[in-house]
Amino acid sequence: MRVLIVKNYSEVSIEAAKIVRDIVKKKPNCVLGLATGSTPLGLYKELIRMHKEKGLDFSQVRTFNLDEYYGLSSSHPQSYRFFMEENLFKGINIKPENTRVPDGSVKIEEVEQYCKEYEELIKQAGGIDLQVLGIGGDGHIAFNEPGSSLGSRTRLVALDEKTIEDNSRFFDRVEDVPRFALSMGVGTILEAREILFLATGEKKAEIVAKALEGPITSMITASALQLHPRVTAILDEEASDALRRVAFYRFAADSEKHVGIKLF
Ligand code: GLP
């Protein structure tokens with residue numbers, strides 16, 4: 001795993017955007033896996049800037065989002081579809097039909113089939129070239145809460161009490177936070193060709209250390225990223241604070257500049 005430690009949130013966003021930009025330039029019809037949450041907001045801002053100022057072209061790019069609250073329609077201001085429209089899609093020249101976010105309003109009796117189809121659509125698109133990920137306070141990626149199988153696929157999941165509490169900051173009342181979500185599985189995520197994992201802020205330091213340097217366990221689903229051959233983790237100094245091998249990561253990142261090759 002490449003672990004890049006940079007100064008602050010703004011540098012995380014800029015470095016992450018460079019990785020996305022490089023893929024979009026190399027493969028104009030690439031498939032991006034996208035995440036929500038506060039962490040990738042700066043990355044999305046930077047991509048919008050690259051589009052507006054440098055002409056970065058998204059006209060052929062296709063996207064799949066990781067997850068969506070179950071029970072929220074796409075027009076709900078807290079839905080992840082709404083988030084993506086507001087924070088990325090409306091600022092770039094992506095075609096609406098090329099963006100996919102799981103539909104949280106699908107009927108319960110159709111959920112299983114719907115999730116299978118979501119996986120099928122990813123396959124038909126040729127698989128995800130680059131998956132952007134954040135990490136939840138309980139170590140989740142997408143909405144794969146502790147105990148999710150490391151082989152899990154897109155499905156309906158129940159949200160952990162901690163996640164509901166963490167995400168209640170976006171809702172008027174904690175009771176308004178949906179209790180369920182549709183989420184890509186850990187197995188789905190691990191099939192992406194490359195992964196860009198982002199974490200910032202001191203609140204994430206302990207869980208980041210467990211995920212990146214602790215044992216692989218379904219109790220911290222982000223730890224499954226250790227199984228993936230091409231993960232770049234970009235952290236700010238605060239989020240890297242509990243890691244044991246900071247000196248090594250800094251040495252490896254520095255060496256990359258000399259050898260000109262990414263050291264995964
Ligand atoms: C939600 C999303 C995750 C995201 C997490 C962290 O739970 N389902 O994909 O990584 O929030 O959010 P934040 O970046 O706001 O800390």
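**Exercise 1.** Establish which pocket is taken up by the ligand, and describe its lining.

*Solution.* In this predicted model, the ligand occupies the space of the largest pocket, where a molecule sits in a pocket if more than half of its atoms lie within 2 Å of its grid points. A pocket is defined on a 1 Å grid over the protein atoms alone, as an open set of points where a 1.4 Å probe fits, with protein on both sides within 12 Å along at least five of seven lines, and lining residues have an atom within 4 Å of a point. Of the 38 residues that line the largest pocket, G37, S38, N167, R169 and K204 lie nearest its centre. Helix α5 contributes the largest share of this lining, four residues.

Local features need pLDDT of at least 70 and side-chain atom pairs pLDDT 80 or more, whereas totals for chains, interfaces and linings use all residues. Residues are numbered from 1 along each chain as its sequence is written, and side-chain values use heavy atoms, with hydrogens and water left out.

**Exercise 2.** Find which polar atoms of S38, I135 and N167 lie close to oxygen atoms of the ligand.

*Solution.* Start with the backbone: a polar backbone atom of S38 is 2.7 Å from an oxygen atom of the ligand, and a backbone N or O atom of I135 lies 3.4 Å from a ligand oxygen. Turn next to the side chains, where an N or O atom of N167 is 3.5 Å from an oxygen atom of the ligand.

Technical notes. Polar contact = N/O pair within 3.5 Å; in protein donor to acceptor, adjacent residues only side chain to side chain. Helix = DSSP H or I, 4+ residues; strand = E, 2+ residues; numbered from the N terminus.
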